Amino acid sequence: VTTALIVGVGEVGVRAARQLVDTPAIDRVLIADRDRKRASRLADSLGKQASAVDVYDELPAGVDVVATALPRTADAEIIERAIEAGVPCASCDDDAEAVAVLEGFDDLAKNRGVAVALSCGLAPGLSDVLARHAADTFDEVSEIRIARTGWGGPACQASVRRARHQPALEWHDEHWRDDQPSGELLMWFPEPIGARDCCAVATGVRTLVSAFPHVPRLSFALGEPPKRSMLRRRFGDDGEWGAARVEVWGRNAHGQDCLVYGVVERTSVAAGAVLAVTAAHLADALGGLGERTAPPGVHGLGALVEPVSFLAELAQRGVRVAVFEGVPVA
Amino acid sequence: VTLFRRVLFVLGVAGLIGLLARFRGKGGVPPTSGGWRELEAPNFR
């Protein structure tokens, strides 16, 4: 019996729980949230396979994988507890400081022989897999630029707002460079999103550097969330559609070249699918993804999964990627 | 009074230049060519 535990049932957690229930090799899905009623309602709606649990004191017995979809920095405690118990975990927290905290568990995870997947969302997350997929076509990669617009729920929106106000972090000629945000860059995403202003941030750069240590330049940009207003808070806004753009420059048989991949999907749907597929992979519940066994330690998805089988699994779940054909404009 | 007039004049000129830039400017998105193609199994290339 393969059991997955999902902690946090916000916009992303709900989608991840549904995806895990729909994964044939996952027999049982345990759902935990600080709002016990919300967790119970979700478990009831997902059928017999799902049940609500509490994880305040210790992990429930028999859990094979833990997936966390909590606000920034809130999942460090549960992930540490899972590593101690020898259970692999996947987190969708993409906050730069939170990721640095989780990376601090690397030695512990290696000692316990446990794999921990970081930043399992649309971007970072799926974007790291696309960067790996693109990088595999080059003999030498010189630059990777990733951009995202869109956000899942209120916690994700707050995280984007925070990242855009903090100093940006870039990997430049194999050195860290932290700058104040230097204005907006126009980024082209697949239709119907089109062109959006994005600004360089620290989000997602650490996991990229770990996955691509020999690439001289790595950067990440985030689009602007909508202004906070009473009407938006009351009636929602149009920010749920998101997009990611992955631009990889390098040298191949034709000389200097560029490959641009893109995704358009509801941000929380894509993030939920990525989190669930990663968790299922860590639990060995996806045969096709088992070609690359998850190595012990704390990793971003660019270092953890086989891109083609991961993309195939996501495509089956409705998350599709596109390639830009033409003259790219950054 | 002279200083006040000068400040008003400078603000007026700045506002006029701002309006001209706003309505006569050539902003917007730069041109691009090409389009997006969905990636298909088995290779996703």
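A patch is made of residues with over 30% relative accessible area and no salt bridge, and nonpolar side chains are joined into one when they lie within 5 Å. Chain B has such a nonpolar patch on its surface, formed by B:Phe9, B:Val10, B:Val13 and B:Ile17. Keep in mind that this is a predicted model. Here's a quick tour, starting with that patch and then moving on to chain A and the interface.

**The patch on chain B**
- Together, B:Phe9, B:Val10, B:Val13 and B:Ile17 offer about 400 Å² of accessible area.
- If you want to find B:Phe9, look in helix α1 of chain B, which covers residues 2-24.
- B:Phe9 has a relative accessible area of 61%, and exposed means over 50%, so B:Phe9 counts as exposed.

**Chain A as a whole**
- There's plenty of secondary structure to trace here: chain A has 11 helices and 16 strands.
- Chain A has a radius of gyration of 19 Å, close to the 20 Å that the globule rule gives for 330 residues, so chain A is as compact as a globular protein of that length.
- Along its principal axes, the C-alpha trace of chain A spans about 55 × 50 × 35 Å.
- Of the 330 residues in chain A, 58% count as buried.
- Take the contacts in chain A between residues at least 6 apart in sequence: 70% of them join residues at least 24 apart.
- The accessible surface of chain A adds up to about 13,800 Å², and carbon and sulfur atoms account for 48% of that.

**Where the chains meet**
- On the chain B side, 15 residues are in contact with 27 residues of chain A.
- The two chains bury about 1,700 Å² between them, with 65% of this on carbon and sulfur atoms.
- Three residues stand out on chain B: B:Trp36, B:Phe44 and B:Arg45 supply 42% of the area that chain B buries against chain A, more than any other three residues.
- The rule finds 2 salt bridges across this interface.
- B:Arg37 forms a salt bridge with A:Glu325, and their closest N and O atoms are 2.7 Å apart.

**A closer look at A:Val209**
- A:Val209 sits in helix α8 of chain A, which runs over residues 205-211.
- The relative accessible area of A:Val209 is 11%, and buried means under 20%, so A:Val209 counts as buried.
- Leaving out residues up to four places away in sequence, A:Val209 touches A:Trp171, A:Trp176 and A:Leu218.
- A:Ile193 is 16 residues from A:Val209 along the chain, and the C-alpha atoms of these two are separated by 28 Å.

Key
Residues numbered from 1 in each chain as written. Chains lettered and ligands numbered in written order. Predicted model: local features only at pLDDT ≥ 70, side-chain atom pairs only at ≥ 80, totals over all residues. Heavy atoms only, no water. Patch = residues over 30% accessible without salt bridge, like charges linked within 9 Å, V, L, I, M, F, W, Y side chains within 5 Å. Areas by Shrake-Rupley, 256 points an atom, 1.4 Å probe, with all protein chains shown as cover. Salt bridge = Lys/Arg side-chain N within 4 Å of Asp/Glu carboxyl O. Helix = DSSP H or I, 4+ residues; strand = E, 2+ residues; numbered from the N terminus. Buried < 20%, exposed > 50% of the residue type's maximum accessible area, 1.4 Å probe, protein only. Rg over C-alpha atoms; globule rule 2.2 N^0.38 Å. Contact = heavy atoms within 4.5 Å. Buried area = accessible area lost by both parts, 1.4 Å probe.
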